[in-house]
Amino acid sequence: QVQLVESGGGLVQAGGSLRLSCAASESISIYVMRWYRQAPGKQREFVAAITTDSRTNYADSVKGRFTISRDNAKNTIDLQMNSLKPEDTAVYYCYALRIPRDYWGQGAQVTVSS
């Protein structure tokens, strides 16, 4: 069972930056890693993904502003978030996938004030 712990959330003004990190309890080198987010009253949505060979994919709403990265040696993934908007306010979740198993972190709150 992989345990995922997010950190780095907080409150930032619109236009600012935050960096989220996700630390895994064991090696993530064989896992596709993703970030999702869930805003109040909305469904959880995909934000970004990084494959085992570090190919990346982003939701259109964050493309060009967010960057996902992984460090397999440290068992971590990061999400660098720039040019933040109030609509980016949400709980951000780290997710690990290697079919048939998947794991979620507990989430980190990101609040962007206007």
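## A guided tour from the disulfide outward

Begin by selecting Cys22, which counts as buried because its relative accessibility is 2%, below the 20% cut-off. The model on display is a predicted one. Add Cys94 to the selection; at 0% relative accessibility, Cys94 is likewise classed as buried. A disulfide links Cys22 and Cys94, with a distance of 2.1 Å from S to S. The structure contains one disulfide. The torsion about its S-S bond is about -80°, so the bridge between Cys22 and Cys94 is left-handed. Because Cys22 belongs to strand E3 (residues 18-24) and Cys94 to strand E9, the pair ties together parts that lie 72 residues apart in sequence.

**The nonpolar core**

Next, select Leu4, Met33, Trp35, Leu79, Met81 and Tyr92, the residues with the most contacts inside the largest nonpolar core, a set of 32 residues. At least two residues of this core come from each of E3, strand E4 (32-38), E5, E7, E8, E9 and strand E11 (108-113). In soluble globular proteins, nonpolar side chains tend to be buried together.

Now keep Leu4 and display what surrounds it. Leaving aside residues up to four places away in sequence, the contacts of Leu4 include both cysteines of the disulfide, Cys22 and Cys94. Among the other residues that Leu4 touches are Met33, Tyr95, Tyr103 and Trp104.

**Strands E7 and E8**

Move to strand E7, residues 66-71. Which side chains of this strand are buried, and which are not? Phe66, Ile68 and Arg70 point to one face and are buried, whereas Thr67, Ser69 and Asp71 point to the other face and are not. In a regular strand the side chains alternate between the two faces of the sheet.

Add strand E8 (76-81) to the view. E7 and E8 pair in the antiparallel sense, over six bridges. Asp71 has Thr76 of E8 as its bridge partner. The two strands, E7 and E8, form a hairpin with four residues between them, and Asn75 in the turn has a positive phi of about 60°.

**A buried aspartate**

Follow the chain past E8 and select Asp88, in the loop between E8 and E9. Is Asp88 buried or exposed? Asp88 counts as buried, because its relative accessibility is 0%. Its side chain makes a polar contact of 2.9 Å with the side chain of Arg37. Not counting residues up to four places away in sequence, Asp88 touches Arg37, Arg65, Phe66, Ser83, Val110 and Val112.

**Backbone points in the loops**

Most residues other than glycine have a negative phi, and most peptide bonds are trans. The last stops concern the backbone.

Select Ser83, one of the residues touched by Asp88. Ser83 also lies in the loop between E8 and E9, and its phi is positive, near 50°. With a relative accessible area of 41%, Ser83 is partly exposed.

Ser54 is the next selection, in the loop between strand E5 (45-50) and strand E6 (56-58). The phi of Ser54 is positive, near 65°. Its relative accessibility of 44% places Ser54 in the partly exposed class.

Finish with Ile99 and Pro100. The peptide bond from Ile99 to Pro100 is cis, with omega near 10°. Pro100 is found in the loop between strand E9 (90-98) and strand E10 (101-104).

How values were computed:
Residues numbered from 1 in each chain as written. Predicted model: local features only at pLDDT ≥ 70, side-chain atom pairs only at ≥ 80, totals over all residues. Heavy atoms only, no water. Buried < 20%, exposed > 50% of the residue type's maximum accessible area, 1.4 Å probe, protein only. Pairing = 2+ DSSP bridges. Disulfide = S-S within 2.5 Å. Core = buried A, V, L, I, M, F, W, Y, C linked by side-chain atoms within 4.5 Å. Contact = heavy atoms within 4.5 Å. Polar contact = N/O pair within 3.5 Å; in protein donor to acceptor, adjacent residues only side chain to side chain.
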